[in-house]
Each structure stands twice: as structure tokens, then as C-alpha cells.
Amino acid sequence: MKADEKFTYETWPAAPEKQTLDGKNKFLGFWLFLGGETVLFATLFATYLALKDSVPVSGEHNLAKDLFEIPLVFMMTMLLLTSSLTSVYAMYHMKNFNFKKMQLWLGITVLLGLAFLGFEIYEFNHYVHEYGHTFTSSAFGTAFYTLVGFHGGHVAFGLAWIITLMFRNAKRGLNLYNAPKFYVASLYWHFIDVVWVFIFTVVYLMGMVG
Amino acid sequence: MANEELNSGNPKVDIEYRRKKSAEEMRYQVVSFALMIFLTLVAFVAVGYDGFSAWFIIPFILVLAGVQVAFQLYYFMHMSHKGHEAPALFLYSGVFVAFITLLAFMTIIWW
């Protein structure tokens, strides 16, 4: 099968993302990358846990339990979790050769991701201006912004990636050249949610417990 | 839930079979999503509620996170499908190094 071959619903393969050699390699290479990302985030989590609540003068600096609040984190968690489901829907339509519906669900995923990012910017701004909790105010601050900020950076990159794919392929429709691209981008988006599950548990919930 | 080599030579039969398969998979994914939302709610309630000690809450919410991530990996990221042996090797190698790193930072670094 050639990458630029035209397909119909009937002839579209069941696993389009792995139909070409290019697709198979992307799939394998991307999972290797995700293994590396796991290690990257583990080092940031480890640093955060080692430096949590390490402040120069206790009493003058806000600690985790003074900063975090349930409603905001809960909102952000729901947004990202739902965006994971909407990208599952997008891949469902990709496998059914329904380009328009795939684009629609990717669009919804992007909107949810943008809302998440908006809340995160509000959150950081709030900590910096209301609580004096900045990147340089303490080791705790540095570890916190590095870990959570790196995740936020991944969200921003994932959004730029998905938006680029949507625009670049808007008039092309689905084929075996771009199906692996959409598939791999959705894997990345799920991985961002995997990392967030640990962030909301380890950073926010454990931070509020004390 | 293998999604490969579904060619019987009769396109009509193939389509029917695939449609059934993807409907079935979608059902699993929606159930996973409902469970993930439920696990998230339980974790937030456990922390928001005042009656539990930290010694109970922390291990409890970590287990909930682990279960939720397994759903994400195996259903949303399709690791339950065939042909994911290499991805599993890559990911679990990453998890192994992650575990060692966390252990080191949380123990010997401060001792």
C-alpha cells in the first residue's frame, strides 16, 4: 500500500497507523520517546518531593498546604481527563475513515486543553502575586514551577502540534501518510494526562494533606 | 482485541466485523473514562474530608492514581491490543528507572 493511495470507508485498513513502514517506525519510536519522558518526569517528581516545603525562613514563606485549593485543581483535572476522552473519540473516527468527525473531536480536545492552560496561567499568577511564591523565592518554589511548568509546557506543545496537524491536513483528508501522525499526537496527549494524574495526586492532594 | 489482519476476502463481512469491534472497544473506553472520573472523585473526597489521617490518605490516593494510569495506558493508549510488546518494554524500562530515581531522591540524598 502506498502512503498517498486514495481510500474509501470500505478499503481503509483496520490499523491505518501501522500500515506503512513509516507508520510502524513512528509508532515504535514514539513509545521509546514516552519511556524517556517517563524518566524525565520522574527526575522532576523526585526533585520536587526532596525539596517540598524547603523554604529559607519557615513562617515567612507559604508552604504547599497554604497554597493549594481543591476547586481549582479539580476543575483542571476534569478538563484534562475529558480532553483525553475526546481524543479517544477522534481516533475512533480516524479508524472509521471519518475525517470531519475526527477534526471536530480534535478541535474539542484543543479547546479543553486551552481551558486547562488558561487555568494554569491564572494559578501561577495567583501564587506569585497573592502568596509571593515565585521561582526564586525558595527551593520549594523552584521545584514546584519546574515540575508543574514542564507539564504545562507539554500541554502547550501538544496543543501546537494538534492544531498544526489539523490545519496542514485540513484539505488533504485521511490517508496512510497522515494517519500515523494523528495517532502519535493522540498518544502524546494521553501521556500528558498520565503525568497530570501523578501531579494532581503527588503535588496537590498530598500537598494539601501536609 | 487484535485489530490486525481482519481480511476475510469479503469486504462486506470485514466491515461488519470491524464495526462491531470498534463499537466494543468504544464501550470499554467509555467505561474506563467513567471509572477514571470516579477514582478522581474518590481521591479528592478523601483529601477534602477531615476524618482520615495522612498515613491512610497518602498510600490510598497513590494507589488510585496507579489504577487510573493503568486504565489510561491500556484502554486509551491501546496497550491492551496486540503488537504492543515493544511499547510495554520501553514504558516499563522507563518506569523502572523512574522508581530507582524516586527511591534515591527520597532516601539516600537526605541521609
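**Exercise 1. Contacts along chain B**

Among contacts in chain B between residues at least 6 apart in sequence, what percentage join residues at least 24 apart?

*Solution.* Keep in mind that this is a predicted model. Start with the elements: chain B has three helices and zero strands, running α-α-α from the N terminus on. Next, take the contacts in chain B between residues at least 6 apart in sequence; 52% of them join residues at least 24 apart. Finally, look at burial: of the 111 residues in chain B, 21% are buried.

**Exercise 2. A portrait of chain A**

Describe chain A by its secondary structure, its dimensions, its burial and its contacts.

*Solution.* Step one is the secondary structure. Chain A comes to six helices and zero strands, so you will read the pattern α-α-α-α-α-α along the sequence. Step two is the extent: the C-alpha trace spans about 65 × 30 × 25 Å along its principal axes. Step three is burial, where 41% of the 210 residues of chain A count as buried. Step four is the contacts: among those in chain A between residues at least 6 apart in sequence, 77% join residues at least 24 apart.

**Exercise 3. Two packed helices**

Work out how α3(A) and α4(A) are arranged relative to each other, and which kinds of residue form their contact.

*Solution.* A pair of packed helices is described by the angle between the axes and the distance between them. Locate the helices first: α3 covers residues 70-95 of chain A, and α4 covers residues 99-131 of chain A. Their axes come within 8 Å and cross at roughly 165°. Angles over 145 degrees count as roughly antiparallel, and therefore α3(A) is roughly antiparallel to α4(A). The crossing of these two helices is left-handed. To finish, sort the residues of the contact of α3(A) with α4(A): 16 are nonpolar, seven polar and three charged.

**Exercise 4. Positive phi in two loops**

Find where Asp53(A) and Phe97(A) sit, then classify each by exposure.

*Solution.* Take Asp53(A) first. Its place is in the loop between α1 (21-51) and α2 (64-67) of chain A. Asp53(A) has a positive phi of about 60° although it is not a glycine. For exposure, recall that a residue is buried with 20 or more other C-beta atoms within 10 Å and exposed with 12 or fewer. Asp53(A) has 18 such neighbours within 10 Å, so it is partly exposed.

Now turn to Phe97(A), found in the loop between α3 and α4 of chain A. Phe97(A) is also a residue other than glycine with a positive phi, near 60°. With 19 other C-beta atoms within 10 Å, Phe97(A) is partly exposed.

**Exercise 5. Where the chains meet**

Characterise the side of chain B that touches chain A.

*Solution.* Count the partners: 44 residues of chain B are in contact with 40 residues of chain A. Then assign the chain B side to its helices. At least two residues come from each of α1 (11-48), α2 (54-76) and α3 (85-106) of chain B, and α1(B) gives the most, with 14 residues. By residue type, the side of chain B that touches chain A divides into 32 nonpolar, 10 polar and two charged.

**Exercise 6. Checking an annotation**

Compare the recorded transmembrane regions of chain B with the model.

*Solution.* Begin with the record: an unreviewed UniProt entry lists residues 28-49, 55-77 and 89-110 of chain B under "transmembrane region". In the model, residues 55-77 of chain B are 96% helix and 0% strand, with their end C-alpha atoms 33 Å apart. Residues 89-110 of chain B are 82% helix and 0% strand, and the end C-alpha atoms of that span lie 32 Å apart.

How values were computed:
Residues are numbered from 1 along each chain as its sequence is written. Chains are lettered from A and ligands numbered from 1 in the order in which they are written. This is a predicted model: local features need pLDDT of at least 70, side-chain atom pairs count only at pLDDT 80 or more; totals for chains, interfaces and linings use all residues. Helices (H or I, at least four residues) and strands (E, at least two) are DSSP runs, numbered from the N terminus. Two residues are in contact if their C-beta atoms, placed from the backbone, lie within 7 Å. UniProt positions are given in the numbering used here, feature names are shortened, and annotations may be inferred rather than shown by experiment. Axes are lines fitted to C-alpha atoms, for helices over the stretch in contact, and angles run from 0 to 180 degrees between N-to-C directions. Angles under 35 degrees count as roughly parallel, over 145 as roughly antiparallel, 65 to 115 as roughly perpendicular and the rest as oblique. A crossing is left-handed if the near helix is turned anticlockwise from the far one by less than a right angle, and right-handed if clockwise. Ala, Val, Leu, Ile, Met, Phe, Trp, Tyr, Cys and Pro count as nonpolar, Asp, Glu, Lys and Arg as charged, and the others, Gly among them, as polar.
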